[in-house]
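Dear colleague,

I am passing on a structure that you have not worked with before. Please open it first, and then read the notes underneath.

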Amino acid sequence: MIKVRHVSGGYTNELILKDVSFDVKKGELFGIIGPNGSGKTTLLKMISHILPARSGEIAIKGKPLSTYSAKELARCVAVLPQNIVQTFSYSAKETVSLGRYAHQSGLWQTFSDEDERVVQAVMEQTGIKQYENEPIDKLSGGERQRVFLAQALAQNPEILLLDEPTNHLDLAYQKELLDVLKTWTRKNHLTVVSIFHDLNLAGLYCDRLLLLNDGKLTVCGTPDDVLKKSRIEEVYHATIEKHPHPEVPKPQMMIVPHEETDDREVVVRENLLDVTTERIVLESPQPLRTMSSGVTGSGVGWHRVFVNRHVSEDYDCIDHHQEMVDYLKRNGFYPNHTVAMMTAVELTNVSYRYYEGDGFSVLIVVTASIGNATDASVGKTDRSGFQPGTINLWVFINGKLQDEAFIQCIMTTTEAKAKALQAMEIKDQETNTQATGTPTDSILIAATQRGQILPHAGTATPLGRLVGKGVFQCTKQAIKNNFNRRDAQK
């Protein structure tokens, strides 16, 4: 749809763009990104024929841009610049209607029924129908931006050029506007070329991205190919982290702020534990990076408070997550900062121990009961006839874990728990086979993210060996504690 070949140019004698070449396909949402002064707006002005190229060629639909008349180009290409000056106080509808000019003919430029249908449709799709009779200068910046987008769409163009279209919009309207554009590319085969400053929006919505730096094309490709951590750090001169979006297969960039080094040593160890019959609580002096299966705080996050709560053996709740949130609030804990678990185990049977490694350390905390111990390889679902039991495992690491180490730590912890059950000859009472855990086991891995970098936690690594040893010993001891209490109560 658009071909740009060896284009260079700029303003007066200054060369802003230098030998840029790329293609844009029909029905594609194509993003242009780059730091300030990289030539993004200059490139968009050249494609829209506002600014002539000094050298090279731009073609629209296979035809050189220079051969288009102004009205012919307007029927094909609509432009939404970053800053629009509205001289007259037209109503929103009148402003949108100006977009139909390129499709009108004759001396009196009659506004047809088709023009009215298109104007009404684009006002509805851009969410400005309620403002149609409002003067444009009385609207907010975001509302005006949507009016001008509707004006551009009213041209019924095949190509839409946008310069930072979400600039004045709040989060909800950013999503709404980009959803509209994405829908138009798919349903109406509209080709959209847009400048983005927000790399995450560009990565979420664009089919392909072009990265400019110092007027030169750095790379052009899919968002995942373009938004490489090392490349973005080099071009933008900022420290970033790249993570996949949690809901869609798109990359997201996280800025890492510069922080003054805190020389205070933060070590999570047993003196931070508060053990009562109602709950076990550990409050860290700083947020820890966590990966857990807790009732609250599940998944990956940052948390400072950790709660293992005792519930009765006949605990039954339809919405246990909300019930836990309510419990935390009643007891002075902020749910968003808390990883919380529950168990019917007597909490004073807890086993915990602090282990020191070479440059790092680990605190293991385990509560365990095996009344409904299960063999995971059998996978029986009906455990209603057995005494409740749960093994909750907390692993606190004083060190800096990479993502791979978090996952390996979960594997090592699970293997060590299963080995402890094997060593104690715990059986699945239904199948009489070796038990590997209980159906309601929970796990927490939490790291201070300070000190020594720990890239791995497999069983052959120093961290993995220490975690495996600690979980094995503490799980065995927690089960023994529970057995001893039960025997003493007989």
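The notes below cover the nonpolar cores and then one residue in a strand.

This is a predicted model, in which local features need pLDDT of at least 70 and side-chain atom pairs count only at pLDDT 80 or more, while totals for chains, interfaces and linings use all residues. Residues are numbered from 1 along each chain as its sequence is written, and side-chain values use heavy atoms, with hydrogens and water left out.

The largest nonpolar core (buried Ala, Val, Leu, Ile, Met, Phe, Trp, Tyr and Cys residues joined through side-chain atoms within 4.5 Å; buried means under 20% relative accessible area with a 1.4 Å probe, protein chains only) has 46 residues, of which Ile-33, Val-96 and Leu-160 touch the most other members. Helix α5 (residues 141-154) gives the largest share of this core, 7 residues; helices (H or I, at least four residues) and strands (E, at least two) are DSSP runs, numbered from the N terminus. A second, separate core has 34 residues, including Met-291, Val-362, Ile-397 and Ala-416.

Asn-308 lies in strand β15 (residues 299-310), and it counts as buried because its relative accessibility is 3%. Beyond four places in sequence, its contacts (heavy atoms within 4.5 Å) include Glu-278, Met-341, Leu-347 and Trp-394. The C-alpha atoms of Asn-308 and Leu-282 are separated by 9.1 Å, although these residues are 26 residues apart along the chain.

With best regards

Definitions and conventions: Buried means under 20% relative accessible area, exposed over 50%, partly exposed in between (1.4 Å probe, protein chains only).
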